[in-house]
Amino acid sequence: MSTAAAGPPSTSFLARNEFLIRRLHSLSGLIPVGAYMVVHLLTNASVLESPATFQRNVYTIHSLPLLPVIEWGFIFIPILFHAILGVLIIRGSLPNSSTYKYTSNVRYTLQRATGMIAFVFIVVHVFHMHGWFHFPAWQHGVAEPLGGAQFKPYNAVSTAAAALSSIGYQIFYVVGILSCVFHLANGIWTFGITWGIWVTPAAQRWATTACLIFGLALSAVGLGALGGFAFMSKDRQAEAVKMEDAMYQSKIASQELDPAKASHKRAETKHAEDEAAATETAQAETPADEEAPAQE
Ligand code: HEM
């Protein structure tokens, strides 16, 4: 026999705010996460135009003020928010009262599966290229020894190409890119349902075609970008290093960059060369009487 006291049913925070939470989840998938992904893949694909174009684009991104604040505020936190709510929805912690009927069970299942794969991909990918955090003790003490933080913005082309040169990473990136693209393209379709944008069967068929074309185009951009780095010949990589060095030196000469603050964004070997050169210059500038104390 039940001993539960009669009274209003206790509902969780998630259940009480289901309407708002579902809409925030839907919106965050499109803006900023989806929008970021489109811009990011187009930026990466600019390597196909020329390595110098990609390097220039990376300089533009890295000249933004308060970059870590932008990264966390507009990219990492929204991705975490979207992913955590997605997991709660999949685990059934959010009631299903407002769910719509999917035209395809396969798409419904794939949307959830690709969401999980995309999240794992993004976590590993951001560690692999960026290292998650930028402070030197983490970068040199943890991320780099574990194979992360491979991308160095002022040697953008050569370090991205080196990071994507192994077959294991290439397969991982193909699966990750296709999962992210499917999740976004199908997510735009479900966004239109959640927000009541395509309601009639005819409008939904039209939206399916539009999302399919978008997904195919974005897959081509993403895989093209991957191929641009992964299949870059050794000669072209060597040319890219020369271009990167010339661009860096011209920014130092024009005082756009301060070598003391900029060098850590170069490849490890270049950074070590900069430090050795700085030590030599400092020694050369030290007056002789400071180096050797005067004899009595
Ligand atoms: C062609 C495949 C891709 C390549 C070559 C690539 C390359 C890169 C590189 C070089 C960085 C480091 C940027 C920096 O530190 O300045 C990065 C960061 C990142 N990537 Fe990708 N990426 C690819 C696909 C994707 C996909 C499909 C997503 C899914 C959303 C994604 C999400 C991110 C995120 C969230 C960051 C961290 C943002 C940041 O560094 O500010 N990437 N990627």
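Q: Two residues are in contact if their C-beta atoms, placed from the backbone, lie within 7 Å. Leaving out residues up to four places away in sequence, which residues does Ala45 touch?
A: This is a predicted model, in which local features need pLDDT (the predictor's confidence in each residue, from 0 to 100) of at least 70, side-chain atom pairs count only at pLDDT 80 or more, and totals for chains, interfaces and linings use all residues. Residues are numbered from 1 along each chain as its sequence is written. Ala45 belongs to helix α2, helices being DSSP runs of H or I with at least four residues, numbered from the N terminus. Its contacts beyond four places in sequence are Val221, Gly224, Ala225 and Gly228.

Q: Is Ala45 buried or exposed?
A: A residue is buried if 20 or more other C-beta atoms, placed from the backbone, lie within 10 Å of its own, exposed if 12 or fewer, and partly exposed in between. Ala45 has 20 C-beta neighbours inside 10 Å, so Ala45 counts as buried.

Q: Which residues come nearest to the ligand?
A: A residue is near the ligand if its C-beta atom, placed from the backbone, lies within 6 Å of it. The shell holds 22 residues, and the elements giving two or more of them include α2 (18-45) and α9 (201-230). The nearest residues are Met37, Met129, His130, Cys180 and Ala225.

Q: How many residues of the shell around the ligand are charged?
A: Here Ala, Val, Leu, Ile, Met, Phe, Trp, Tyr, Cys and Pro count as nonpolar, Asp, Glu, Lys and Arg as charged, and the others, Gly among them, as polar. The shell has 15 nonpolar and six polar residues, and the number of charged residues is one.

Q: Which element gives the largest share of the largest nonpolar core?
A: A nonpolar core is a set of buried Ala, Val, Leu, Ile, Met, Phe, Trp, Tyr and Cys residues joined through C-beta atoms within 7 Å. The largest one has 34 residues, and Cys180 and Phe229 are among those that touch the most other members. Eight residues, the largest share, come from α8.

Q: How far apart are the end C-alpha atoms of α5?
A: The expected span of a helix is 1.5 Å times one less than its number of residues. For the 25 residues of α5 that gives 36 Å, which agrees with the distance in the model, 35 Å.

Q: Against which elements do the buried residues of α5 pack?
A: The buried residues of α5 include Gly115, Phe119 and Ile122. These buried residues pack against α4, α7 and α8.

Q: Is Trp132 buried or partly exposed?
A: Trp132 lies in the loop between α5 and α6 (136-143), and its phi is positive, about 75 degrees, although it is not a glycine. Because 14 other C-beta atoms lie within 10 Å, Trp132 is partly exposed.

Q: Which residues does a cis peptide bond join?
A: Pro32, placed in helix α2, is one partner. With omega about 10 degrees, the cis bond joins Ile31 and Pro32.

Q: How many contacts beyond four places in sequence does the model have for residues 1-7?
A: The protein chain averages a pLDDT of 90, and 90% of the residues score at least 70. Over residues 1-7, however, pLDDT stays under 50, and the number of such contacts is zero.
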